[in-house]
Amino acid sequence: MSSIMDRETFADFITMKINFVWEILFLFFTVMKEWTLAIIRFFFSPRIKSVKGEIVLITGSGHGIGRQLAVEFSKLSATVVLWDIDEEANSITGEMVKALGGNCYSYVCDVSVKEEVKKVAEKVCKEVGDVTVLINNAGVVSGKNLLDIPDELIERTFNVNLLALFWTTRCFLPSMIKKNHGHIVNIGSSAGLTGLNKLTDYCASKFGVTGFTEVLNYELVFGGHDGVHTTLACPAHVNTGMFEGCKLRFPSLMPPLEINRTVRRIMLAILTNQQMVCTPRSVYFFAFIKTFLPVDVMQQILKFCGVSTFMDSFVGHLENNFQSSESKPYSNAELLNSAKKSG
Ligand SMILES: NC(=O)c1ccc[n+]([C@@H]2O[C@H](COP(=O)([O-])OP(=O)(O)OC[C@H]3O[C@@H](n4cnc5c(N)ncnc54)[C@H](O)[C@@H]3O)[C@@H](O)[C@H]2O)c1
């Protein structure tokens with residue numbers, strides 16, 4: 001009796017070992033396959049997907065990156081749904097989209113308020129249809145030392161930059177999973193990979209966006225939802241006015257990014273289902289060296305580059321200065337005119 005048991009236990013043991021060896025071999029081949037595909041993608045442009053007829057919802061579409069994304073998506077014949085807390089600014093984006101012959105629906109929505117997000121999301125589903133591309137772009141910055149930030153500004157930063165992603169994604173992801181078709185795009189930041197002085201709340205919220213997107217991607221991949229994609233965009237300083245006044249030590253080497261170029265790079269990432277895009281490429285470099293350099297060494301390098309003084313001359317969006325020419329590379333009228341011309 002006991003010798004039969006021993007033989008069965010031994011057979012189980014051998015089967016387990018063989019299965020484990022198979023798993024290791026399988027892992028090796030899949031890793032090699034993914035590496036080969038990544039190298040091919042690096043040298044040859046991957047296939048660009050069509051977004052014609054897709055319903056693209058953009059939060060914070062009233063200004064900057066969000067507005068330009070709306071324009072670019074409408075040029076590609078997508079229906080754009082514009083969400084912003086600022087009704088007037090959002091309606092200008094709507095006019096720009098319509099001037100291009102685009103199809104758009106504008107809604108006032110404060111994405112930091114969970115109940116409002118749910119209410120407006122239901123309205124969108126009824127009036128427009130199921131959202132197939134969600135772009136979590138709305139963001140705010142307070143730009144003060146930790147001890148100087150009023151409590152309510154800290155809460156606002158987390159509510160808008162991070163918690164809003166939970167509320168919007170939970171509203172629109174179920175229909176994407178059901179159809180196994182969709183894309184969640186989160187606009188993070190280089191400050192969500194490498195910290196910057198006087199941005200404790202902003203960096204913490206953007207590091208959160210990085211983690212949120214990474215885990216959402218795992219849930220989709222491990223859940224077998226291969227038709228639903230995620231993209232995390234991590235731009236450095238973009239010339240939208242959000243970080244007005246901020247300067248690195250060598251501005252000619254690392255000037256603020258131009259909105260149009262940044263948005264074109266983000267668009268390319270979305271249209272090729274790229275999971276993460278950093279712009280400029282130096283963002284990848286700093287994020288990489290940070291993983292192995294001693295903390296003190298990294299601090300000295302960042303200090304040399306002017307990271308410690310980047311926020312010293314921060315002005316940001318002054319009260320209602322979305323209209324000020326200083327805070328924007330283009331005025332609303334200029335943008336509208338250029339949209340009409342290119343349309
Ligand atoms: N500008 C940069 O240098 C930079 C760099 C890296 C990442 N980012 C990120 O890119 C995104 C867009 O930045 P931007 O520079 O275009 O900003 P922006 O300030 O030009 O525009 C942000 C838009 O979000 C809207 N908004 C703010 N709070 C909102 C709320 N509670 N609900 C709905 N809408 C709200 C504003 O009204 C505005 O229209 C943000 O998430 C930002 O953190 C910006």
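Two strands pair if DSSP finds at least two bridges between them; helices (H or I, at least four residues) and strands (E, at least two) are DSSP runs, numbered from the N terminus. You have a predicted model open, where local features need pLDDT of at least 70, side-chain atom pairs count only at pLDDT 80 or more, and totals for chains, interfaces and linings use all residues. Numbering starts from 1 along each chain as its sequence is written.

**First stop: the strands.** Select residues 79-84, strand β2, and residues 103-108, strand β3: six bridges join them in the parallel sense. Highlight Trp-83 and you will find Tyr-107 of β3 opposite. Now add residues 87-99, helix α3, which completes a right-handed β-α-β unit with β2 and β3. Right-handed here means that, with the strands pointing away from you, the path from the first strand over the helix to the second runs clockwise.

**Next: helix α2.** Select residues 64-75. The end C-alpha atoms are 17 Å apart, which agrees with the 16 Å expected for 12 residues at 1.5 Å a residue (1.5 Å times one less than the number of residues). Of those 12 residues, 11 are buried (20 or more other C-beta atoms within 10 Å of a residue's own, with C-beta atoms placed from the backbone); among them are Arg-67, Glu-72 and Phe-73. Just past the helix, look at Ser-77, where phi is positive at about 65°.

**Last stop: the ligand.** Show the 30 residues surrounding the ligand (C-beta atom, placed from the backbone, within 6 Å). Gly-60, Gly-62, Gly-64, Gly-139 and Thr-240 are the closest. Helix α2 gives the most to this shell, with three residues.
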